[in-house]
Amino acid sequence: MTPLAAPRPGPRVTGGLLCAAGFALLAWDGLLAAALGAELLATAFWWWARASDDPARHLPRWEWLRRPAAALWLAMAGAAAAPAGAPGPWRALEAGAGVWAGLELLAALPLARPFSDLPGPLLALGPWLPAVLPAAGFVVLWRLQEHWLGVAHVRDAAAALLLVTAALAALRAFARRRWTAGLRWLMVGDGALAGLLVAVRAVPPAASLLLWLSASGAHAFLLGAELSGAVPRRGPVLSAIWRATTWTASAALAWPMLLAVGARFGAHGPLWFLAAAAPVALVAWVNVARMVEAPERRAVDRPGTGIALSRVAPLFALAGVPVALAIASWSGPPVGWGAALLALAPAAVGGLGGLLTFRGIAPGAIAAAADEPARTDRLAVWGRAARQTARRVFRLVTALERTIADRVVWLLRLPAAPLRDLHSGDAQEYLLLLVGVAVLAVVLPLLG
């Protein structure tokens, strides 16, 4: 008799288990757990790429995921070498390496900008898989905030990079024609705004987590629903509910951040406020205007209770918003009505603009039937021109960032050039050289 073989999980299940375990470790406290979680996340994408239809293309595309894991190991080494609570170069190394890992997963560094434009390695879940990475990036920044918020220059640099990322994500979500690609970039923008919320210490950690879960969770649900029939966009009522849900969640995420940004940077506060308000308004516009109703494909509704997940999910997406805002109001200083309305103005203006663009005419205006096609044509022309401008700005900024990053990498490689000349290029000889240098680095401090 042939012995019974245990069923083997497919690459989809194996990669999903690795990814879930990686997220669980990222959410655990400590640098060791974060480093192991990043390794498991990189392994999950490697597993999916290896089992894809074109491994030769997908494996090099996602090999950069090893860099965040290496940065977290470096942060762990800096924490082990630095005295407890003492500032210094080791403390800066710990903070900088930890922030590097979170920012790279969040597409806030030039070398990792394009990943949300690309589908994932697994064919069945390709459009959805890249959305895992900005979520992991925010979890790293949020969980390890005690390791990097205390270093001022690292915190300020992270805030600047997150602000640039929020603007670029909003531009890219506005410029992309496919709604799935736009949703991926909206999740990047959610993570960047939530990371900026952490960087400026606008709200307690629990409140920032709840606000991020509401905004990013709503976009993640819409992205998953697009792969299964775009149910949230079926019918005018359901699409209007989800339009209001995404706008409310994004506005609630941006509101305390805008309140804190204007007050934190002193004389430069108004400039920071304007720089943060622009992507907030554009994200609000995208949430409202791009949520276009999809045509219903069924003539008769399916029998059932009538309570679908798409109708209940907005309640779960918005459940954390009042709790988070209540925590922020109780723990922070009182906010005046003027400052509160000013911080809400970018989201309100963007949402109103999206609503007007979605309807095509201003509310209350009565247009003649002969004028409606011309007005629609003008809106279409303006929309195409605006998307092309946003696309060109995004490509210009990313090309400039990539050029600067390449120059910095070239300068950093110059000191290592003599070491490469010490061996013939054989892999085994190079490994022996590295072992010898490591042993020398351990022995020399003992001799001194």
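**Close-up views of a predicted model**

**View 1. Ala107 sits in the loop between helix H5 (89–105) and H6.**
The model shown here is predicted. Look at the backbone of Ala107: phi is near 60°. That is a positive value in a residue other than glycine. Is Ala107 buried or exposed? Its relative accessibility is 1%. Buried means under 20%, so Ala107 counts as buried.

**View 2. The whole protein is built with 17 helices and 0 strands.**
Step back for a moment before the next close-ups. The protein has 448 residues, and 43% of them count as buried. About 23,200 Å² of the protein is exposed. Carbon and sulfur atoms supply 69% of that area. Now consider the contacts with a sequence separation of 6 or more. Residues 24 or more positions apart account for 77% of these contacts.

**View 3. Helices H1 and H2 pack against each other.**
Two packed helices are described by the angle between their axes and the distance between the axes. Helix H1 covers residues 11–27, and helix H2 covers residues 31–50. Their axes are 7 Å apart, at an angle of about 165°. Angles over 145 degrees count as roughly antiparallel, so H1 is roughly antiparallel to H2. The crossing of the two helices, H1 and H2, is left-handed. Which residues of H1 and H2 meet? On the H1 side they include Gly15, Gly16, Leu18, Cys19, Gly22 and Phe23. On the H2 side they include Ala33, Ala34, Gly37, Leu40, Leu41, Trp47 and Trp48.

**View 4. Ser52 lies in the loop between H2 and helix H3 (55–61).**
Ser52 has a relative accessible area of 11% and is therefore buried. Set aside residues up to four places away in sequence. What does Ser52 then touch? The partners are His58 and Pro121.

**View 5. Trp73 of helix H4 (residues 66–81) reaches the side chain of Glu39.**
The side chains of Trp73 and Glu39 make a polar contact of 3.0 Å. Trp73 also touches Leu32, Ala35 and Leu36, not counting residues up to four places away in sequence. Leu31 is another residue to find in this view. Trp73 and Leu31 are 42 residues apart along the chain, yet their C-alpha atoms are separated by 7.7 Å. How exposed is Trp73? With a relative accessible area of 32%, Trp73 is partly exposed.

**View 6. Helix H6 (residues 132–143) runs beside H10, with axes that come within 11 Å.**
The axes of H6 and H10 cross at roughly 175°. H6 and H10 are therefore roughly antiparallel to each other. From H6, the meeting residues are Ala135, Phe138, Val139 and Trp142. From H10, they are Pro205, Ser208, Leu209 and Trp212.

**View 7. A polar contact of 2.6 Å joins Asp190 and His219 through their side chains.**
Asp190 belongs to helix H9 (residues 179–199). His219 belongs to helix H10 (residues 205–226). Are these two residues buried or exposed? Asp190 has 2% relative accessibility and so counts as buried. His219 is buried too, with a relative accessible area of 1%.

**View 8. Other residues surround this pair in the contact lists.**
Neighbours within four places in sequence are left aside for both residues. Asp190 is in contact with Trp212, Ala215, Ser216, His219, Ser250 and Leu253. His219 is in contact with Leu183, Leu186, Met187, Asp190, Thr246, Ser250 and Asn287. Ser250 appears in both lists. Ala135 is a further landmark for Asp190. The two residues, Asp190 and Ala135, are 55 residues apart in sequence and 9.0 Å apart in space, C-alpha to C-alpha. Ala135 is one of the H6 residues that meet H10.

**View 9. Arg201 lies in the loop between H9 and H10.**
Phi of Arg201 is near 55°. This is a positive value in a residue other than glycine. Arg201 has a relative accessible area of 48%. Partly exposed covers 20% to 50%, so Arg201 is partly exposed.

Key:
Residues numbered from 1 in each chain as written. Predicted model: local features only at pLDDT ≥ 70, side-chain atom pairs only at ≥ 80, totals over all residues. Heavy atoms only, no water. Helix = DSSP H or I, 4+ residues; strand = E, 2+ residues; numbered from the N terminus. Buried < 20%, exposed > 50% of the residue type's maximum accessible area, 1.4 Å probe, protein only. Contact = heavy atoms within 4.5 Å. Polar contact = N/O pair within 3.5 Å; in protein donor to acceptor, adjacent residues only side chain to side chain. Areas by Shrake-Rupley, 256 points an atom, 1.4 Å probe, with all protein chains shown as cover. Axes fitted to C-alpha atoms, helices over the stretch in contact; angles between N-to-C directions. Parallel < 35°, antiparallel > 145°, perpendicular 65-115°, else oblique. Left-handed = near helix turned anticlockwise from the far one by under 90°.
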